[in-house]
Amino acid sequence: MDLKKLSVFLKENDIPAFRLKQVREAVYKNFAAAWDEIPVLPAPLREKLSRKFHIHSLFPIETQVSKKNDAVKFLFELKDGLKVETVLLNLIPEKWSICVSTQVGCPVRCPFCATGRKGLKRNLSPDEIVDQFLAAAHYLKTKGSHKIGSVIFMGMGEPFYNYDALSDAIKVMCDPEMIGLGHRHISVSTAGHVPGIRRFAKDFPQCNLALSLHAPDDALRNDLVPLNRTYPLAQLTKALADYIVSTKRRVFVEYVLMDGINNSRSTAAKLNSFLRSVAAPKYFVVNLIPYNRTGGPYRSPTKEKIQLFASLLEDMGLEVTTRKSMGADIDGACGQLAGK
Ligand code: SAH
Ligand code: SF4
């Protein structure tokens, strides 16, 4: 919510400043989504405020729950009518993670990704990013369910193309007086925006960085992740090496497996050498993501082939995890968010 605007309004109407604190606590700590959910405010004030302000900058217009109950996808409408998606994931029992969007659409236009297909509509504001969290937390509260323990910036958009809003949103999420998450519970996924990686290392050395690599050589990566034409692997190598030296943190390497495209033996070997040219293997966790269908020509390899690719990397000394696809039945899995 826009606390600055609220603060100005309270001053103009001679309402004592402690009301602001009450609202802040109700919204950011107790996830109130409507003024009548804040009973500490006198009824006339609530009425006044409800005529003037919406608590959230977006409104859920559709909520889908996966069959296994391990994913919830929200379609939010923004004030200008554009739509954005957010997914709650139940990765660990009793703990939810939230996958938030930073842009409507995405300018990077990776050919395998549903978000990229639409190009960029616009950046989200810090409030629109944070309010995805607050609205989802409100939903979980109404279900009597558990809280959100971590945030991954892996929804629609390239976070580092909207750096300032991303940065403001992370600050609100980590401020003990606001949402109050630990920096270690925040992860940002980038398609390889080099200046963004460098700023992020300085500004948020305690947060996690995920890199969507998908290809270990420029020729293939230029096709799969067009941002590679702006920041080719040589530049990415340096930025990642510096990131690891300055933060001493591991980098999560995302690798979407597309059959016949990036899952050969020789690609595995190239991936291994690429990572070793950046830093020692202990600084990486390679996260293999079976491709989720989005209507293009790509296909996920079979389970056996995925297992084979994973063991090739493991034999080379890399730590590998294979992501189980969650929420695919509600089009809420990685790369399926299109804000339709
Ligand atoms: N733009 C950022 C973050 C959002 S995309 C990035 O690219 O990192 C989140 C993740 O979903 C990325 O790793 C992306 O490569 C992956 N992804 C996109 N489309 C996918 C698909 N169809 N199947 C599986 N993963 C996909
Ligand atoms: Fe954008 Fe990420 Fe999708 Fe590529 S994979 S188009 S960078 S959202």
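Trainee: Why are H4 and H5 called oblique to each other in this predicted model?

Mentor: The axes of H4, residues 126-142, and H5, residues 163-174, cross at roughly 40 degrees. Angles under 35 degrees count as roughly parallel and those from 65 to 115 as roughly perpendicular, with the rest oblique, and H4 and H5 are therefore oblique to each other.

Trainee: What is the handedness of the crossing in which H4 passes H5, and which residues make the contact?

Mentor: H4 passes H5 in a right-handed crossing. On the H4 side the contact is made by Pro126, Ile129, Val130 and Phe133, while H5 contributes Ala165, Leu166, Asp168, Ala169, Val172 and Met173. These residues divide into nine nonpolar, no polar and one charged.

Trainee: How do you know that Ser189 and Ser212 make polar contacts with ligand 1?

Mentor: A polar contact is a pair of N or O atoms within 3.5 Å. A polar side-chain atom of Ser189 lies 2.6 Å from an oxygen atom of ligand 1, and a polar side-chain atom of Ser212 also lies 2.6 Å from an oxygen atom of that ligand, so both pairs satisfy the cut-off.

Trainee: What part of Asn292 is 2.9 Å from a nitrogen atom of ligand 1?

Mentor: For Asn292 the partner of that nitrogen is a polar backbone atom. Asn292 is also one of the residues that come nearest to ligand 1, among the 19 around it.

Trainee: What makes up the shell around ligand 2?

Mentor: The residues around ligand 2 include Cys106, Cys110, Cys113, Arg109 and Gly157, and the shell divides into five nonpolar, two polar and one charged.

Note on methods:
Residues are numbered from 1 along each chain as its sequence is written. Chains are lettered from A and ligands numbered from 1 in the order in which they are written. This is a predicted model: local features need pLDDT of at least 70, side-chain atom pairs count only at pLDDT 80 or more; totals for chains, interfaces and linings use all residues. Side-chain values use heavy atoms; hydrogens and water are left out. Axes are lines fitted to C-alpha atoms, for helices over the stretch in contact, and angles run from 0 to 180 degrees between N-to-C directions. Helices (H or I, at least four residues) and strands (E, at least two) are DSSP runs, numbered from the N terminus. Angles under 35 degrees count as roughly parallel, over 145 as roughly antiparallel, 65 to 115 as roughly perpendicular and the rest as oblique. A crossing is left-handed if the near helix is turned anticlockwise from the far one by less than a right angle, and right-handed if clockwise. Contact means heavy atoms within 4.5 Å. Ala, Val, Leu, Ile, Met, Phe, Trp, Tyr, Cys and Pro count as nonpolar, Asp, Glu, Lys and Arg as charged, and the others, Gly among them, as polar. A residue is near a molecule or strand if one of its heavy atoms lies within 4 Å of it. A polar contact is a pair of N or O atoms within 3.5 Å; within protein, one must be able to donate a hydrogen and the other to accept it, and residues adjacent in sequence count only if both atoms are side-chain atoms.
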